Amino acid sequence: MGARLVSLALLIAVWYAGSQLAGARLLPDPQAVALAVLDEGRSGALAFNLGATLARVAVAFIIAMMLGSVIGLIMGRSRIADRLGDPWLIVLLNLPALVIIVLAYVWAGLTETAAIAAVALNKLPIATVTVREGARSLDHALDDMAQVFRMGAWTRLRHVILPQLAPYLAAAARSGLSLVWKIVLIVELLGRPNGVGFEIGVAFQLFDVTRILAYALAFIAVMLAIETFLVQPLERHVARWRPRPA
Amino acid sequence: MSPAGARGQLDLNIKQKSFRTASGGKFQVLGELAFTLGSGEVAALVGPSGCGKTTLLRIVAGLDRDFEGGVALPAHGTLGMVFQEPRLLPWRTVEQNVRLAAPRATDTGLDTLFQVLGLKAHRDHYPGELSLGLARRVALARAFAVEPDLLLLDEPFVSLDDALAARLREELAELVNRRPVTTLLVTHNLEEAIGLADRLLLLSVSPARILADVPVVRPRAAHTAAELAALRDKIAQRLSQTCL
């Protein structure tokens, strides 16, 4: 904990020194950015925009994770499904995020549906590939056991398959969350009338670096809170059965 | 063919079973092999290592359907199986492992099982916290908790020390005496086979056939040590001849 604080203090010091060298217009000092965060917070704009972005992140993330898990599980378990789905995956994996976003807006208009679909589609192949890897390494011995004891489909999924996939799901969720929020900002910049991405776009046109940093920092703080209070406790719960090192 | 339909009866009639090797060839594991287990009968399949005992058990369990021949299981029968390794779900406690396999088990039924197998203190432990001996007991508890019509045991006490294996064998015998169940036991340990089974089926090296069907006279307790030793020697001799 101490090392982390020292490291954080060092970052702020470097930032401060940088702002002295580059000038407040290019890199405002930490204090100015903190004041801007407070300002936006007081007017309610910060909460409104953070909320809009967070909602998009949540919906796109959930859709991509659910679809990616189901498709990944099926592809990992069935050879034929793997062969059928693999070319699609390669296309999606290599399609630049920007192309998917622009096409979604062109085809579906500048709508919320298009925005969320574009983000989910960007995240989907990565979630699928990760879960597929997990499904390929499922333990056949436990499968046999479940079959001999005639466990139902739900019992097998919940108690035999999902616990084995948990590390892969966690990895997909981790990398997915950071990817999704970055893409959501681009989607907002290009075609939404609110959200952190939209605000950063406006600030870019006004060359308002203070506001850009203020929104970026506020959002990083939110994601950090989600990681600390949601993701990590969940991981601890899922790993509760592992014998702890003495 | 014996009349079908008797509860707990197993009819096995295998023509042959082979595996495809990686080089594209065929390797025959089981030859023509047929036997019937009456209701409540305990049979031990005894044979040299690698003769296809586990393959045979997998066929009976319905885990391997790629063979020529047929298996008639007890009608609507419930299977209980103890694998060579405990095969517990590491992320569920001892009690959850048993209950997931046997959702209809009653609390009193489980209490008795855990009592007999010495697992009372371990109900809430995870498998990673158990010794191999305890984990094997959990696997036994799981197989008995489903109240099986057919019990399949695949070398259930392999890689345990002699004293512990002997104790578990006694516990298994007690469980079978409490509730007689048609049982097929795979082992290469003759003491174990004679101690638990009514009938020994001796298998040849692969492709496996049945060499001999040796009854073990009941009640087992009536055997003197000398008689048991003589029986064991007789069977060991037959087995060693076939292996050469």
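This report describes chain A, chain B and the contacts between them in a predicted model.

## Chain A overall

Chain A has 246 residues, and 32% of them count as buried. Its secondary structure consists of ten helices and zero strands. Along the sequence the pattern is therefore an uninterrupted run of helices, α-α-α-α-α-α-α-α-α-α.

Taken along the principal axes, the C-alpha atoms of chain A fill a box of roughly 70 × 55 × 30 Å. Among the contacts in chain A with a separation of 6 or more, 73% join residues 24 or more positions apart.

## Helices α5 and α8 of chain A

Helix α5 of chain A covers residues 97–108, and helix α8 of chain A covers residues 153–191. The two pack with their axes 11 Å apart, at an angle of about 40°. An angle of this value falls outside the range under 35 degrees that counts as roughly parallel, so α5(A) and α8(A) are classed as oblique to each other. Their crossing is right-handed.

On the α5(A) side the contact is made by A:A97, A:I101 and A:Y105. On the α8(A) side the residues are A:I183, A:I186, A:V187, A:L190 and A:G191. By class, this contact has seven nonpolar residues, one polar residue and no charged residues.

## Individual residues of chain A

A:L98 also lies in helix α5 of chain A. It has 13 other C-beta atoms within 10 Å and is therefore partly exposed. The C-alpha atoms of A:L98 and A:A118 are 9.2 Å apart in space, while the two residues are 20 apart in sequence.

A:I12 is placed in helix α1 of chain A, residues 2–22. With 11 C-beta neighbours inside 10 Å, A:I12 counts as exposed, because the exposed class takes 12 or fewer. A:I12 and A:I161 are 149 residues apart in sequence and 45 Å apart in space, C-alpha to C-alpha.

## Positive phi values

Most residues other than glycine have a negative phi. A:F207 has a positive phi, near 55°, and is not a glycine. A:F207 sits in the loop between α9 (196–205) and α10 (209–238) of chain A. It is exposed, with 10 other C-beta atoms within 10 Å.

In chain B, B:E155 has a positive phi of about 40°, again in a residue that is not a glycine. B:E155 is found in the loop between β7 (150–154) and α5 of chain B. With 19 other C-beta atoms within 10 Å, B:E155 is partly exposed; the buried class needs 20 or more.

## Domains of chain B

The domain assignment divides chain B into domain 1 (10–78 + 150–243) and domain 2 (89–147). Domain 1 is thus given as two sequence segments. The centres of domain 1 and domain 2 of chain B, taken over C-alpha atoms, are separated by 25 Å.

Eleven residues of domain 1 of chain B are in contact with eleven residues of domain 2 of chain B. Helix α5 of chain B, residues 162–178, gives six residues to the domain 1 side, the largest share. The residues on this domain 1 side comprise eight nonpolar, one polar and two charged.

## Helices α4 and α5 of chain B

Helix α4 of chain B spans residues 132–145, and its axis comes within 11 Å of that of α5(B). The axes cross at roughly 15°, and α4(B) and α5(B) are therefore roughly parallel to each other. The crossing is right-handed.

From α4(B) the contact takes B:G133, B:R136, B:R137, B:L140 and B:F144. From α5(B) it takes B:L164, B:L168, B:L172 and B:L175. The contact of α4(B) with α5(B) has six nonpolar, one polar and two charged residues.

## Interface between chains A and B

In the interface, 16 residues of chain B are in contact with 15 residues of chain A. On the chain B side, the elements that give two or more residues are β6 (79–82) and α2 (94–101) of chain B. By class, the side of chain B that touches chain A has twelve nonpolar, one polar and three charged residues.

Conventions: Residues numbered from 1 in each chain as written. Chains lettered and ligands numbered in written order. Predicted model: local features only at pLDDT ≥ 70, side-chain atom pairs only at ≥ 80, totals over all residues. Contact = placed C-beta atoms within 7 Å. Helix = DSSP H or I, 4+ residues; strand = E, 2+ residues; numbered from the N terminus. Nonpolar A, V, L, I, M, F, W, Y, C, P; charged D, E, K, R; others polar. Domains from an automatic or database assignment. Axes fitted to C-alpha atoms, helices over the stretch in contact; angles between N-to-C directions. Parallel < 35°, antiparallel > 145°, perpendicular 65-115°, else oblique. Left-handed = near helix turned anticlockwise from the far one by under 90°.
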